[in-house]
Amino acid sequence: MKKVIPALTALIMMGLMSCSKDPVVTTSLTATKTSAIERGEPVVFTFSASTADSVSWRVNPSQNAQIIVSGINASVKFGSSGTYIVSAFSGSTSQASTVTVIDSIYTPPPAATTIPLQSGEQVNITASKLDSGAYSGIIFYAQTANSYTCLSNYLLSTYTTNNNTYAIGFTGVSVPGNCTTGQAKAGTFEYLLPLSDGMHPLTITLNGTTYTGSIIRSGSSYTINWSYTSGVTISPSTL
């Protein structure tokens with residue numbers, strides 16, 4: 001398998017180049033981690049051509065992968081386990097790195113510094129569906145509207161479920177000691193799994209305000225009843 005992954009990377013990247021006319025990948029991206037990455041763990045990738053004027057970034061597959069770009073750096077969080085290819089392009093230069101994500105969910109290190117959310121902060125949630133037998137449900141990717149110090153920061157949250165009721169609270173931003181310099185919006189994944197058929201009350205707390213709604217599952221379809229257009233937003237409303 002160790003010999004197959006590089007070959008697979010090359011084939012996929014060649015396919016992308018043939019469609020988009022991007023240059024051929026010749027070197028690897030620098031990454032803070034490439035294996036045993038936990039779900040939701042921030043990984044920072046660096047494009048080595050520091051004189052690049054503009055860098056375009058891609059993640060393949062893109063589903064449940066969130067990327068925040070800051071010049072020659074990009075912070076990526078992966079919401080699902082599996083193998084991903086992160087690639088970057090600038091002019092005639094292109095680079096890529098293959099990474100593997102495991103099933104464990106990331107927890108910020110105890111030594112990390114916690115900073116409070118900014119006053120008036122807004123959290124925007126993107127919902128996606130996960131169909132995996134007994135663990136079918138919804139994945140939320142939550143991201144702040146404002147930026148915080150450190151490209152590898154992480155949005156802290158609490159999550160509880162009881163009697164088919166789900167509650168999420170956003171509590172601050174974790175900044176690791178080995179921080180990559182820069183500013184980035186803080187994000188995290190929340191997993192509403194398993195989610196059975198029927199109606200499930202949902203409450204989300206942000207900066208002392210509690211927002212309420214519900215999720216209705218009917219077979220493989222989901223409807224998110226959420227009326228807020230500020231504070232905490234969720235989209236799409238149907239999956």
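**Strand pairing and nonpolar cores of the chain**

S128 has I139 in β12 as its bridge partner. This pair belongs to a predicted model, in which strand β11 (residues 123-130) and strand β12 (residues 137-149) pair in the antiparallel sense over eight bridges. Strand β12 also pairs with strand β15 (residues 183-192), again in the antiparallel sense, and nine bridges join these two strands. Within that second pairing, A142 stands opposite T188 in β15.

The chain as a whole contains one helix and 19 strands. Its mean pLDDT is 87, with 86% of the residues reaching 70 or more. Confidence varies among the elements: the lowest mean pLDDT, 45, is that of helix α1 (residues 4-20), and the highest, 98, is that of strand β19 (residues 232-235). Over residues 1-23 the pLDDT stays under 50, and for this segment the model has 24 contacts beyond four places in sequence. Of the 239 residues in the chain, 43% are buried. The accessible surface of the chain comes to about 11400 Å², and carbon and sulfur atoms account for 53% of this area. Among contacts in the chain with a separation of 6 or more, 63% join residues that are 24 or more positions apart.

An open sheet is formed by four strands in the order β2-β4-β7-β6, with antiparallel pairing. Strands β2 (30-31) and β6 (65-70) occupy the edges of this sheet and have a single partner strand each, so one side of each is left without a neighbour in the sheet. The partner of β6 is strand β7 (residues 73-78), to which β6 is joined in the antiparallel sense over six bridges. In this pairing, S70 stands opposite N73 in β7.

The largest nonpolar core comprises 28 residues, of which I125, F140, F170, I204, I215 and I234 touch the most other members. At least two residues of this core are supplied by each of β11, β12, β14 (165-175), β15, β16 (198-206), β17 (209-218), β18 (221-225) and β19. Strand β14 provides the largest share, five residues. When neighbours within four places in sequence are set aside, the contacts of F170 are L117, V123, I125, A142, L155, L156, S157, T188, I204, T205 and L206. The residues A142 and T188, which stand opposite each other in the pairing of β12 with β15, are thus among the contacts of F170.

A second, separate core has 17 residues, including A65, F78, Y84 and V86. Of these residues, Y84 is located in strand β8 (residues 82-90). The relative accessibility of Y84 is 3%, and Y84 therefore counts as buried. Apart from neighbours within four places in sequence, Y84 is in contact with V59, N60, P61, Q63, A65, F78, S97, T98, V99 and V101. Two of the named core members, A65 and F78, appear in this set of contacts. V101 lies 17 residues from Y84 along the chain, and the C-alpha atoms of the two residues are separated by 7.9 Å. The side chain of Y84 also has a polar atom 2.9 Å from the backbone oxygen of S80.

How values were computed:
Residues numbered from 1 in each chain as written. Predicted model: local features only at pLDDT ≥ 70, side-chain atom pairs only at ≥ 80, totals over all residues. Heavy atoms only, no water. pLDDT = per-residue confidence, 0-100. Contact = heavy atoms within 4.5 Å. Pairing = 2+ DSSP bridges. Core = buried A, V, L, I, M, F, W, Y, C linked by side-chain atoms within 4.5 Å. Buried < 20%, exposed > 50% of the residue type's maximum accessible area, 1.4 Å probe, protein only. Polar contact = N/O pair within 3.5 Å; in protein donor to acceptor, adjacent residues only side chain to side chain. Areas by Shrake-Rupley, 256 points an atom, 1.4 Å probe, with all protein chains shown as cover.
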